[in-house]
Structures are given as C-alpha cells and as structure tokens.
Amino acid sequence: MENRENDGISRRDFLISAGLAGGAAAAGPGALIGASAAPEAPQSKESPLLSEFQPKSMLHAKETRVPRARFPVIDVHNHVNDARTSEREQIPPAKILEIMDRSNIRQIVILTGAWGKRLQKVVDRMVNPYPDRFRVFTQIDWSRIDDPDFSRKMVEQIDDAVARGARGLKILKNLGLGVRDKTGELVAVDDPRLDPVWEECGRLGIPVSIHVSDPEAFFLPVDRFNERYEELIHNPNWSFYGDEYPSKQAILDARDRMFARHPGTTFIALHVATWPENLDYVSALLNRLPNVMVEFGAREAELGRQPRNSRKFFDKYQDRIMFGTDAVPPPYGNVTPQQIFGDKLYQIYCRFLETEDEYFDYAPAPTPPQGRWQIYGVGLPDSILRKVYYENAARLLKVKI
Ligand SMILES: [Zn+2]
C-alpha cells in the first residue's frame with residue numbers, strides 16, 4: 001500500500017534520475033517530494049491528464065489484513081454463474097466454493113436466475129448439487145408486458161419458478177428506466193399491473209430484491225462537477241441525465257409508494273435503497289416501512305466515505321441490513337473492478353466492516369473506479385457483525401447456519 005520506492009536514493013540522485021533537477025529549483029524546495037521517479041515523468045509543469053493521475057497516499061495508515069470474515073456470511077447479492085453467464089464464462093462451482101470457504105462465505109444468493117428452462121439450468125448446476133451454499137432468485141419477463149393477461153402470467157411464472165427452487169424475486173433497474181409498454185411510455189415502478197406480482201411474493205413468503213434508479217451522480221450532467229465523471233465517461237450508457245428519463249426522486253417515490261401498498265411482502269431495497277449518498281432518506285424509509293430491508297452491494301465506497309454516519313446507521317438498523325457484494329464474474333467484472341468476484345473483493349468488505357482502518361482502496365484498481373476517494377472502516381462490534389453477516393439474511397431466507 002505504501003509508496004516508498006524512493007528509499008535509499010538521495011534526493012539529488014532521485015531528482016537527476018527523474019530528469020527533474022532543474023525544474024526543482026524553479027518550482028521551489030519541496031515541490032517534488034514524493035513525486036514518482038518514473039523515467040517518463042513529464043518535465044513541464046502542465047497538469048497530467050486525469051486518466052494518468054494516480055496519486056499514492058503518503059499516509060502511514062494502519063493496514064489490517066482481513067483474509068476471512070469473522071463470522072459466516074450470507075452474500076445476498078451476487079451474480080456469479082447466473083442465467084446470463086454463457087457456458088464459456090461459467091466458473092467451475094468447485095472454484096467458487098474454494099473462494100467462499102477461504103473467505104468464510106457460507107451461502108451466496110444468485111439473484112439473476114431468469115425463469116423457466118434458464119432458471120432450471122442454474123438450479124441444476126448450482127443449487128441442487130450444493131443446496132446449503134447457493135440459492136437463486138427468479139425474474140420478470142418484461143417481453144410480455146403488453147400481453148392482456150401479463151399480471152396473471154407473471155404470477156404463474158413466479159409460482160413455477162418457486163416450484164423449480166427459486167427463493168425470491170429480483171427486479172433490475174430497467175424497471176423505471178428502460179421497460180416500456182406499447183404506448184411507448186416507461187412502466188413506472190408502482191404500475192398497478194405489477195401489484196399481483198408483489199402480492200404473490202408475499203403470499204409465497206419470498207422476498208423481492210429490488211434495484212431501481214442509480215447513484216445520484218448518474219442523473220446529473222457528465223461534466224467537471226460530476227464526482228463520477230470518469231466512470232460515466234467510460235460507461236456513457238450509465239448516465240440517466242436528460243429529459244427522456246424520470247428524475248431519481250420520482251423513481252424512488254414510485255418505489256416507496258409501491259412498498260407501502262404491499263405491507264405483507266418483504267422488499268430488500270438493494271444498494272442501500274439506492275441512495276447511500278443520503279442516509280437520512282434511507283433511515284426515514286426504514287422508519288416508515290417495516291417491510292423493507294437493505295443490503296449494500298457495490299456501495300461500500302459510499303458507506304465507507306462517511307464512516308461516522310454509516311456506523312450510526314448500522315447501529316440503528318442492525319436488524320434490517322444484510323451483506324451483499326453485487327459480485328459479477330469476468331468479463332462483466334472488468335468494467336466494474338469493485339465487483340469482481342474473488343478473495344480480494346471479500347477482503348475489502350470485511351476490512352470495511354470489521355476494522356477502523358483509515359483511507360484505503362474500496363476496489364482492487366489503480367484508480368478508484370466509482371469516484372476518486374478512499375474509504376474508512378466502521379469497526380462493527382461482534383453483535384452487529386453477526387446480524388449483518390448472516391443472522392438477518394438467515395431469518396429472512398429461512399436458512400440454517
Ligand atoms: Zn446486482
């Protein structure tokens with residue numbers, strides 16, 4: 001973690017080797033301390049390109065290695081070997097289990113299990129051979145949205161999925177941002193055609209894991225004020241700024257109205273209810289609606305940059321928060337290094353939850369992929385760690401640990 005590559009080289013030698021001795025005098029004493037000794041270091045005083053700027057922290061911060069979670073974990077938000085993964089991209093289950101065993105991950109919930117035959121494949125490959133280690137959720141077939149009996153068909157599809165072994169329903173963010181019916185209008189998150197679906201999940205006793213809207217910065221102009229500028233430049237289709245999209249607030253309002261309308265159904269509002277930037281909002285939502293729980297997949301960067309507020313959040317809602325990573329296998333993972341399934345990913349989450357380490361990377365990447373900041377651990381006590389790691393999920397998913 002530390003940048004000590006200049007140790008043992010005198011300051012004068014270092015400046016010469018970097019070709020910067022002359023410039024140092026002009027820039028004044030101290031201007032180059034800690035500068036990289038890379039031979040290609042620019043001689044001018046012009047700003048480096050943002051894409052090339054990889055400052056190393058000079059903070060001599062404590063680094064606690066957490067190779068394994070202190071308690072067994074249920075990862076309730078994962079996409080490894082899901083219904084979208086092609087045959088060629090499948091990771092052998094034994095290899096997944098090796099990583100899980102090393103990291104103390106007792107069970108993974110594969111959220112994107114599709115339905116029908118594709119769901120059956122995931123059940124046959126992952127769930128049936130390892131019933132204690134993997135679970136799968138089903139999804140809605142939006143291609144049938146214009147069928148006159150869409151609601152009934154989806155209820156039947158969910159019943160069939162549960163009979164095949166699915167243990168929950170997953171909603172992707174295209175609801176509210178992408179799914180349109182024949183009128184050309186976006187289907188709202190609280191569209192009444194979906195009411196029978198939410199009710200059926202309540203009746204069956206299965207939770208609905210729902211991701212709607214996206215980070216606040218994705219709804220703002222992609223300009224120099226946007227804290228996720230580089231991420232949005234790399235992934236332009238992640239931007240929902242513009243008249244063709246509803247506002248983030250409108251989508252969340254629709255979601256929360258829908259939650260309130262179905263008190264008998266438990267909703268897992270993924271990604272810290274998709275507003276970790278605003279924990280006051282999420283707290284108010286949890287206070288108001290007892291049928292809502294949250295998980296924090298791919299949002300450790302958000303929680304970790306506000307450790308004091310996050311710690312209070314974990315204290316107050318310790319019975320409503322579950323562990324999730326939103327892990328994806330390569331090649332999808334390559335654009336989201338904070339989500340690549342593997343030991344490193346779990347180590348970062350465990351370090352964030354278990355330690356009070358300061359100012360560390362939230363992703364194994366040369367530049368922080370979601371925004372240029374570092375995170376701080378929240379150092380949860382064992383009683384809360386147990387709940388977040390597995391007890392809350394075990395209760396909801398009826399898993400014995
Ligand atoms: Zn996900």
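Glutamate 295 has methionine 322 of strand 8 as its bridge partner. Strand 7 and strand 8 run parallel and are joined by two bridges. Helices (H or I, at least four residues) and strands (E, at least two) are DSSP runs, numbered from the N terminus. Two strands count as paired if DSSP finds at least two bridges between them.

This is a predicted model, in which local features need pLDDT of at least 70 and side-chain atom pairs count only at pLDDT 80 or more, while totals for chains, interfaces and linings use all residues. Residues are numbered from 1 along each chain as its sequence is written.

**The five-stranded sheet**

Strands 4-5-6-7-8, in that order, form an open sheet with parallel pairing. Strand 4 (169-171) and strand 8 are its edge strands, each pairing on one side only. Within strand 7 (residues 292-295), Val292 and Val294 point one way and Met293 and Glu295 the other way, and all are buried. A residue is buried if 20 or more other C-beta atoms lie within 10 Å of its own, exposed if 12 or fewer, and partly exposed in between, with C-beta atoms placed from the backbone. Alanine 269 stands opposite valine 294 of strand 7.

**The three-stranded sheet**

A second open sheet has the order 1-2-3, again with parallel pairing. Its edge strands are strand 1 (73-78) and strand 3 (134-136), each pairing on one side only. Neighbouring strands here are turned by 20° against each other on average, direction ignored. Isoleucine 108 has phenylalanine 134 in strand 3 as its bridge partner. Helix 14 (residues 382-397) lies across strand 1, strand 2 and strand 3, at about 70° to strand 1. Axes are lines fitted to C-alpha atoms, for helices over the stretch in contact, and angles run from 0 to 180 degrees between N-to-C directions.

Pairs joined by three bridges are listed here.

| Strand | Partner | Sense and bridges |
|---|---|---|
| Strand 2 (residues 105-110) | Strand 3 | parallel, three bridges |
| Strand 4 | Strand 5 (residues 208-210) | parallel, three bridges |
| Strand 6 (residues 267-269) | Strand 7 | parallel, three bridges |

**Helix 6**

In helix 6 (residues 195-204) the buried residues are Val197, Trp198, Glu200 and Cys201. They fall within an arc of 160° seen down the helix axis, so they line one face of helix 6. The arc is that of the directions from the helix axis to the C-beta atoms. Their cover includes helix 5 (150-164), strand 4, strand 5 and helix 8 (248-261). Just after helix 6, glycine 205 takes a positive phi of about 75°.

**Core and chain**

A nonpolar core is a set of buried Ala, Val, Leu, Ile, Met, Phe, Trp, Tyr and Cys residues joined through C-beta atoms within 7 Å. The largest such core has 89 residues, of which Ile110, Leu119, Val136, Ile268 and Val388 touch the most other members. Helix 13 (residues 343-354) gives the most to this core, with seven residues. Leaving aside residues up to four places away in sequence, valine 136 touches ten residues by name: Ile110, Gly113, Leu119, Val122, Val123, Met126, Val127, Gly165, Ala166 and Arg167. Contact requires C-beta atoms, placed from the backbone, within 7 Å.

Phenylalanine 341 lies in the loop between strand 8 (321-322) and helix 13. It counts as buried because 25 C-beta neighbours lie inside 10 Å.

The protein chain comes to 14 helices and eight strands. Of its 401 residues, 40% count as buried.

Note on methods
Contact = placed C-beta atoms within 7 Å.
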